[in-house]
Amino acid sequence: MSLVLTQLLVLIEESPAWLRLVESLENENATVMAAVLEAAKPYVIASLYHRRRQPVLVVTAQPENARKLYEQISVWCDSNMVNLFPEPEALPYERIAVDNSAAVERLRVLASLAGITGDKSPPLIIVSAPALTQKLLSLSRFTDASHTVRVGMEIKLFDLLGRWQALGYQLEDLVEVPGTISHRGGIIDIYPPGSDLPARLEFFGDTVDSIRLFDPASQRSQKVVSSITITPATELPTNENEINHDGLLNYLPQDSLLILDEPDSIRLAMADLDAKASQLRTEMVSQGELSCNSARPYFTWEDLEPALK
């Protein structure tokens with residue numbers, strides 16, 4: 001049984017301190033400092049989101065803090081509105097095998113912020129300092145690459161396959177996880193990261209004849225649809241030296257509310273990540289595994305500080 005306590009959020013409206021906080025935030029350029037008890041943070045954040053009805057980004061210092069806050073806020077809000085933007089499993093420059101599920105969840109959040117998924121409710125996103133520092137595909141490239149395929153559309157099957165591979169989709173025998181595509185005869189299967197189910201496109205010549213959503217486990221069709229929206233399957237710049245890249249902050253709509261949970265701790269966490277990554281970079285350069293001119297794949301506190309104020 002799930003428990004959502006949204007209706008209790010209005011109780012805070014009677015608090016003078018709450019009313020002062022809300023009034024202070026009416027100035028769109030205001031930077032407001034508020035002291036909130038640790039146990040009350042989820043309730044206050046959920047209340048702000050419920051009242052203002054605008055995108056909210058909450059930044060914490062550590063990943064475990066972000067996950068805990070995400071779980072707590074989800075009790076007060078519809079869980080479909082609350083998103084966790086998870087951190088990469090590896091440090092910058094660290095070469096280890098990683099789970100694709102975290103990258104898929106980040107792509108879902110980016111698609112929501114970019115307004116591609118058609119969500120009617122503004123998102124409430126929780127992110128840790130390590131996740132916030134990551135350099136991403138620029139917002140303009142993300143939105144330009146996203147597109148909709150409709151029944152009746154004229155397009156060559158192999159042109160579509162090539163386009164999707166350029167967006168980061170991996171060609172597999174079966175489509176079972178987001179970010180993959182498959183091809184057999186006049187059929188293409190694709191699993192966009194922002195979709196709950198993969199889609200099966202059947203072609204008649206160069207025409208999209210039908211689109212069906214299917215169960216990735218059984219591979220059986222579930223629902224006939226008239227269109228499917230495709231978003232990039234990679235969040236990273238395709239060229240490590242690419243100048244045109246963005247961070248999560250660039251994806252935020254202009255009217256968003258930014259909440260920093262203990263800014264000093266966030267700054268220290270970013271400094272710690274930078275120190276560890278810089279040490280790895282130095283070792284890789286000295287071993288000839290990395291060019292000394294390669295661009296840094298993350299932002300520092302100094303890079304992000306102007307946007308965080």
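Trainee: Leaving out residues up to four places away in sequence, which residues does Y251 touch?
Mentor: Keep in mind that this is a predicted model. Y251 lies in helix α8. Not counting residues up to four places away in sequence, the ones Y251 touches are L110, L113, L136, L137, S138, L139, F142 and D246.

Trainee: Is Y251 buried or exposed?
Mentor: Buried means under 20% relative accessible area. Y251 comes in at 2% relative accessibility, so Y251 counts as buried.

Trainee: What separation do the C-alpha atoms of Y251 and L110 have?
Mentor: Along the chain, Y251 and L110 are 141 residues apart. L110 is also on the list of residues that Y251 touches. In space, the separation of their C-alpha atoms is 7.0 Å.

Trainee: L110 is one of the buried residues of α4, so how many of the 14 residues of α4 are buried?
Mentor: Look along the helix and you'll find A102, A103, V104, R106, L107, V109, L110, A111, S112 and L113 buried. α4 is largely enclosed by the rest of the structure, because the buried count is 10 of the 14 residues.

Trainee: What covers those buried residues of α4?
Mentor: Y251 of α8 touches L110 and L113, and both of those are buried residues of α4. So it fits that α8 turns up in the cover. The cover includes β2 (82-85), β3 (124-128), β4 (136-137), α6 (139-145) and α8 (248-251).

Trainee: How far does α4 reach from its first C-alpha to its last?
Mentor: α4 runs over residues 100-113, which is 14 residues. At 1.5 Å a residue you'd expect 20 Å. The model is close to that, with a reach of 20 Å.

Trainee: Which residue with a positive phi follows α4?
Mentor: Go just past the end of the helix and check the backbone there. The phi is near 75°, and the residue is G115.

Trainee: Over to α2: how many of its 12 residues are buried?
Mentor: The buried ones are K41, P42, Y43, V44, I45, A46, S47, L48 and Y49. What covers them includes α1, β1, α3, β3 and β14 (257-260). α2 is largely enclosed by the rest of the structure, because its buried count is 9 of the 12 residues.

Trainee: Are α2 and α3 parallel, perpendicular or oblique to each other?
Mentor: Helix α2 (residues 41-52) and helix α3 (residues 63-76) have axes 9 Å apart and pack at an angle of about 55°. Roughly parallel needs an angle under 35 degrees, and roughly perpendicular needs 65 to 115. The two helices are therefore oblique.

Trainee: Which residues make that contact, and how do they divide into nonpolar, polar and charged?
Mentor: From α2 you have P42, Y43, I45 and A46, and from α3 you have L69, Q72, I73 and W76. Sorted by type, the contact has 7 nonpolar, 1 polar and no charged.

Trainee: At what angle do α1 and α2 cross?
Mentor: Helix α1 covers residues 16-24, and its axis comes within 12 Å of the α2 axis. α1 passes α2 in a right-handed crossing. W18, L21 and V22 of α1 meet V44, S47, L48 and R51 of α2. The axes cross at roughly 55°.

Trainee: Which residue follows α2 and has a positive phi?
Mentor: This residue sits in the loop between α2 and β1 (56-60). Its phi is about 50° although it is not a glycine. With a relative accessible area of 46%, it is partly exposed. The residue is R53.

Trainee: Is Y93 buried or exposed?
Mentor: Y93 has a positive phi too, about 75°, although it is not a glycine. Its place is in the loop between β2 and α4. The relative accessible area is 15%, and under 20% means buried. So Y93 is buried.

Trainee: Last one: which residues does S128 touch, not counting those up to four places away in sequence?
Mentor: S128 lies in strand β3. At 1% relative accessibility, S128 counts as buried. The residues it touches are T60, A61, Q62, P63, A66 and E87.

Note on methods
Residues are numbered from 1 along each chain as its sequence is written. This is a predicted model: local features need pLDDT of at least 70, side-chain atom pairs count only at pLDDT 80 or more; totals for chains, interfaces and linings use all residues. Side-chain values use heavy atoms; hydrogens and water are left out. Helices (H or I, at least four residues) and strands (E, at least two) are DSSP runs, numbered from the N terminus. The expected span of a helix is 1.5 Å times one less than its number of residues. Buried means under 20% relative accessible area, exposed over 50%, partly exposed in between (1.4 Å probe, protein chains only). Contact means heavy atoms within 4.5 Å. Axes are lines fitted to C-alpha atoms, for helices over the stretch in contact, and angles run from 0 to 180 degrees between N-to-C directions. Angles under 35 degrees count as roughly parallel, over 145 as roughly antiparallel, 65 to 115 as roughly perpendicular and the rest as oblique. Ala, Val, Leu, Ile, Met, Phe, Trp, Tyr, Cys and Pro count as nonpolar, Asp, Glu, Lys and Arg as charged, and the others, Gly among them, as polar. A crossing is left-handed if the near helix is turned anticlockwise from the far one by less than a right angle, and right-handed if clockwise.
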